[in-house]
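Reader: Please take a close look at one part of this model: the pairing of charged side chains, if there is any. I would like it set against the rest of the fold.

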Amino acid sequence: PLERLNGKTLKLGGIITDFSEAVSKRGKTFGWFTPEGYAGSFKFFVFGESYLKFRPYLYTSSFVYLQVKVQPRKTYGDPDPEAPIIYNVEILSVEPLSDAIEKHTKSLDFIVPLEMVDNKTVNDLDEIFDKHPGSTPVKLHIRHKITNAKKKKTIVTVPMRSLNKRINLSTELIDLIEHEIKLPYTIKIS
C-alpha cells in the first residue's frame, strides 16, 4: 500500500539481513539490501551514484538508519491513464544507526503509570541517568486512568520534562531500561 505514503519521507532503522551486488550489462555496479526492523523488512535496490555514495554502509549485519521518499515512478512517453501507478522508494540517505541516534534523537520519553511513581522508581531513574550523562533530554509522561460515575474510563497524561537531567542514549542504557526499570519508553527522532 505505497499509495498511502505517496510524497512522504520515511525514517527507518534496522539491521541489514541481506546484501548483494552485481554488475549490469553496461558494466555498472549496483546492489540490493534488506534492512529489518520492528515493523518488518523491505528489499531496496540501489543504482548509480546513490549506490557509490551509500555502499560503505551496506553490508550484512550492519545497523543503519535510512531516510526514503515514496513517489510515483517516472514514465516516459504517453502513459496509459488506465494503468495502475507504480511507486518508487528513493533512498535519500543511509548512515550508521549509532551516528543517527546521536544526531537525530530529540528525547527519551517514559510512560509512567501514576501508581508506579514512588521514591524507588525516581531514585532508580535518577541513578541510571547520572551514570549516562549526555545531551538527550528526558521526558516522563505520568499516566493515570480515571473512571467516572458513569463507568466511563479516561486516561489522563501529564508530560514532565527533566530540567537538569540529560542522557547519552546508548545500547547499554537501553538494556538497563528494558531489563531493570521495565517502563514503556519511546525514542523521539527528528
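Author: Helices and strands here are DSSP runs, numbered from the N terminus: H or I over at least four residues for a helix, E over at least two for a strand. Met160, for example, lies in strand β9. The model is predicted, so to speak of a local feature requires pLDDT of at least 70 and a side-chain atom pair counts only at pLDDT 80 or more, while totals for chains, interfaces and linings use all residues. Residues are numbered from 1 along each chain as its sequence is written, and side-chain values use heavy atoms, with hydrogens and water left out.

The overall layout comes before the charged pairs. The protein has four helices and 10 strands. Read along the sequence, their order is β-β-β-β-α-β-β-α-β-α-β-β-α-β. The radius of gyration, taken over C-alpha atoms, is 22 Å. A compact globule of 190 residues would be near 16 Å, by a rule of 2.2 Å times the number of residues to the power 0.38. The C-alpha trace spans about 65 × 45 × 25 Å along its principal axes. Of the 190 residues, 27% count as buried; buried means under 20% relative accessible area, exposed means over 50%, and partly exposed is in between (1.4 Å probe, protein chains only).

Now the charged pairs. A salt bridge is a side-chain nitrogen of Lys or Arg within 4 Å of a carboxyl oxygen of Asp or Glu. How many salt bridges does the structure hold? There are six. Helix α3, residues 119–131, is the place to look at closely.

Lys120 and Asp124 form one of these bridges, with 2.7 Å from N to O. Both residues lie in helix α3, four residues apart, or about one turn of the helix. Lys120 is exposed because its relative accessible area is 56%, whereas Asp124 counts as partly exposed at 27%.

Lys131 and Glu127 are joined in a similar way, by a salt bridge of 3.4 Å from N to O. They too are separated by about one helical turn, because they are four residues apart in helix α3. Lys131 is exposed, at 58% relative accessible area, and Glu127 is partly exposed, at 45%.

Asp126 has a partner outside the helix: it forms a salt bridge with Lys165, the closest N and O atoms being 2.8 Å apart. Asp126 lies in helix α3 and Lys165 in strand β9, so the pair ties together parts that are 39 residues apart in sequence. Is each partner of this pair buried or exposed? Asp126 is partly exposed, at 30%, while Lys165 counts as buried because its relative accessibility is 17%. This pair is also part of a network of salt bridges that links Asp126, Asp130 and Lys165.

Strand β9, which runs over residues 153–167, has a nonpolar side to its account as well. A nonpolar surface patch of about 310 Å² is made by Ile146, Val156, Val158 and Met160. Such a patch takes residues with over 30% relative accessible area and no salt bridge, and joins nonpolar side chains (Val, Leu, Ile, Met, Phe, Trp, Tyr) within 5 Å; for charged patches, like charges are joined within 9 Å. Areas come from the Shrake-Rupley method with a 1.4 Å probe, and for residues only the protein chains shown count as cover. Strand β9 gives the largest share of the patch, three residues. Met160 is partly exposed, with 45% relative accessible area.

A different kind of pairing is found at His104, which lies in helix α2 (residues 97–104). The side chains of His104 and Glu95 are joined by a polar contact of 3.0 Å. A polar contact is a pair of N or O atoms within 3.5 Å; within protein, one must be able to donate a hydrogen and the other to accept it, and residues adjacent in sequence count only if both atoms are side-chain atoms. His104 is buried because its relative accessible area is 15%. Leaving aside neighbours within four places in sequence, His104 is in contact (heavy atoms within 4.5 Å) with residues including Tyr65, Gln67, Lys188 and Ser190.
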